[in-house]
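Here is a quick walk through one protein model, for anyone who likes to look at the coordinates while reading. Have the viewer open and follow along.

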Amino acid sequence: MNAVKTIWSDATVHFTISKELAHRESEVYAAFKMITDATCIRFQKHTNELNYLKIQDGKGCASYIGCRGGVQSVFFGPACSVGNLCHEIIHALGFYHEHTRTDRDQHVTVNWQSIKPNKKRNFKVKRGDTFNLPYDLNSIMHYGQYFFSVDGSPTVLPKRSGVKMGQRTHLSQLDVQRLNKLYHCGKDLLATACHQMFHLTSFCPTTLTHISSFRRADEIAEKAFGY
Ligand SMILES: [Zn+2]
């Protein structure tokens with residue numbers, strides 16, 4: 001995965017679920033569980049926190065990247081699966097798509113002419129932190145071969161044959177490792193505090209006056225997929 005620096009304080013994400021999604025609450029919790037089962041990241045109901053996720057209905061599945069400050073929507077449309085929602089939440093946790101890593105051309109070929117014109121930006125390289133972990137075709141954050149194809153031809157092809165990409169059923173081992181690294185899971189509190197204070201990580205703002213500087217995160221929007 002490919003991460004930004006604006007992450008959620010204390011590895012804790014507060015959230016609300018919009019009323020229209022009441023009948024899908026168990027799916028939202030299942031998506032959270034995919035992450036909490038494997039990491040120290042926790043999801044808690046919003047009370048009076050400044051920064052929180054609003055899980056809401058929408059046309060498709062979509063999320064912003066990283067913690068932007070304030071209330072932040074994650075769209076869980078009718079066609080989105082639990083795995084799709086988990087993927088969107090991982091965007092909100094701070095990760096770009098795996099196939100936008102700077103080293104992606106060593107692993108996949110992007111067929112630009114096959115991509116729907118308004119979706120080309122979802123394939124642009126992003127300079128996020130990869131934690132020196134290997135490229136991961138099996139990541140829940142990687143697109144499949146035909147995602148956003150304009151004519152049914154592949155948009156992204158693996159350089160090795162016989163590889164499947166675009167799964168939305170589970171976190172890969174490398175997904176787990178990168179989430180745990182970004183959120184300092186398993187480190188002692190003092191080391192984590194020092195790390196946060198002196199370099200690398202800027203946490204969400206805690207006062208309104210700082211919010212504007214955190215509005216730079218990229219916005220992405222994507223449709224639901226079969227799995
Ligand atoms: Zn995505």
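Let's start in the middle of things, with Ile55. Beyond its neighbours within four places in sequence, Ile55 is in contact with Thr16, Ile17, Ser18, Leu21, Val28, Phe32, Val74, Phe76 and Leu85. Bear in mind that this is a predicted model.

**The cores**

Ile55 belongs to the largest nonpolar core, a set of 41 residues. Ile55, Ile90, Leu93 and Tyr183 are the ones with the most contacts inside it. At least two residues of this core come from each of β3 (12-17), α1 (25-36), β5, β7, α2 and α3. The top contributor is α2, which gives 6 residues. There is also a second, separate core of 12 residues, and among its members are Phe123, Tyr135, Leu137 and Tyr143.

**How far to trust it**

The protein has a mean pLDDT of 86, with 82% of its residues at 70 or more. Residues 206-221 are another matter, since their pLDDT is below 50. Even so, the model gives that stretch 36 contacts beyond near neighbours in sequence. Residues 223-227 also stay under 50, and here the model has 17 contacts beyond four places in sequence. Where pLDDT is low, predicted coordinates shouldn't be read in detail.

**Strands around β7**

Now look at β7 (residues 71-76), which has partners of both kinds. With β5 (residues 52-56), β7 pairs in the parallel sense over 5 bridges. With β6 (residues 61-64), β7 runs antiparallel, joined by 3 bridges. Phe75 is a handy landmark here: Gln56 has Phe75 as its bridge partner in β7, and Ala62 stands opposite Phe75 as well. The hairpin of β6 and β7 has 6 residues between the strands, and in it Gly66 takes a positive phi near 75°.

**Helix α2 and Glu88**

How many of the 12 residues of α2 are buried? The count is 11, which leaves the helix mostly covered. The buried set is Gly83, Asn84, Leu85, Cys86, His87, Glu88, Ile89, Ile90, His91, Ala92 and Leu93. Two of those names, Ile90 and Leu93, already came up among the residues with the most contacts in the largest core.

The geometry of α2 checks out too. At 1.5 Å a residue, its 12 residues should span 16 Å, and the end C-alpha atoms are indeed 16 Å apart, so expectation and model agree. Just after the helix, Gly94 takes a positive phi of about 130°.

Glu88 deserves a pause. An unreviewed UniProt entry carries the annotation "active site" for Glu88, and this residue lies in α2. Is Glu88 buried or exposed? Its relative accessible area is 2%, so Glu88 counts as buried.

**Helix α3**

Helix α3 (residues 173-182) has 7 buried residues out of 10, so the rest of the structure largely encloses it. Those residues are Leu174, Asp175, Val176, Arg178, Leu179, Asn180 and Leu182. They pack against β1 (2-3), β2 (6-7), α2 (82-93) and β8 (95-96). In other words, α2 is one of the packing partners of α3. After α3 comes His184, with a positive phi near 55°.

**The loop between β9 and β10**

Finally, turn to the loop between β9 (108-110) and β10 (156-158), where Asn132 sits. Phe148 lies in this loop, and so does Asn111. Here is how the three compare in accessibility:

| Residue | Relative accessibility | Class |
|---|---|---|
| Asn132 | 79% | exposed |
| Phe148 | 5% | buried |
| Asn111 | 16% | buried |

The cut-offs behind those classes are under 20% for buried and over 50% for exposed, so Asn111 at 16% falls in the buried class.

Two of these residues also have backbone angles to look at. Asn132 has a phi near 55°, a positive value in a residue other than glycine. Phe148 is likewise a non-glycine residue with a positive phi, this one near 60°. Asn111 is worth a look for its contacts: leaving aside neighbours within four places in sequence, it touches Pro154, Thr155 and Leu157.

How values were computed
Residues numbered from 1 in each chain as written. Predicted model: local features only at pLDDT ≥ 70, side-chain atom pairs only at ≥ 80, totals over all residues. Heavy atoms only, no water. pLDDT = per-residue confidence, 0-100. Contact = heavy atoms within 4.5 Å. Pairing = 2+ DSSP bridges. Helix = DSSP H or I, 4+ residues; strand = E, 2+ residues; numbered from the N terminus. Buried < 20%, exposed > 50% of the residue type's maximum accessible area, 1.4 Å probe, protein only. Core = buried A, V, L, I, M, F, W, Y, C linked by side-chain atoms within 4.5 Å. UniProt positions renumbered as here; feature names shortened; annotations may be inferred. Expected span 1.5 Å × (residues − 1).
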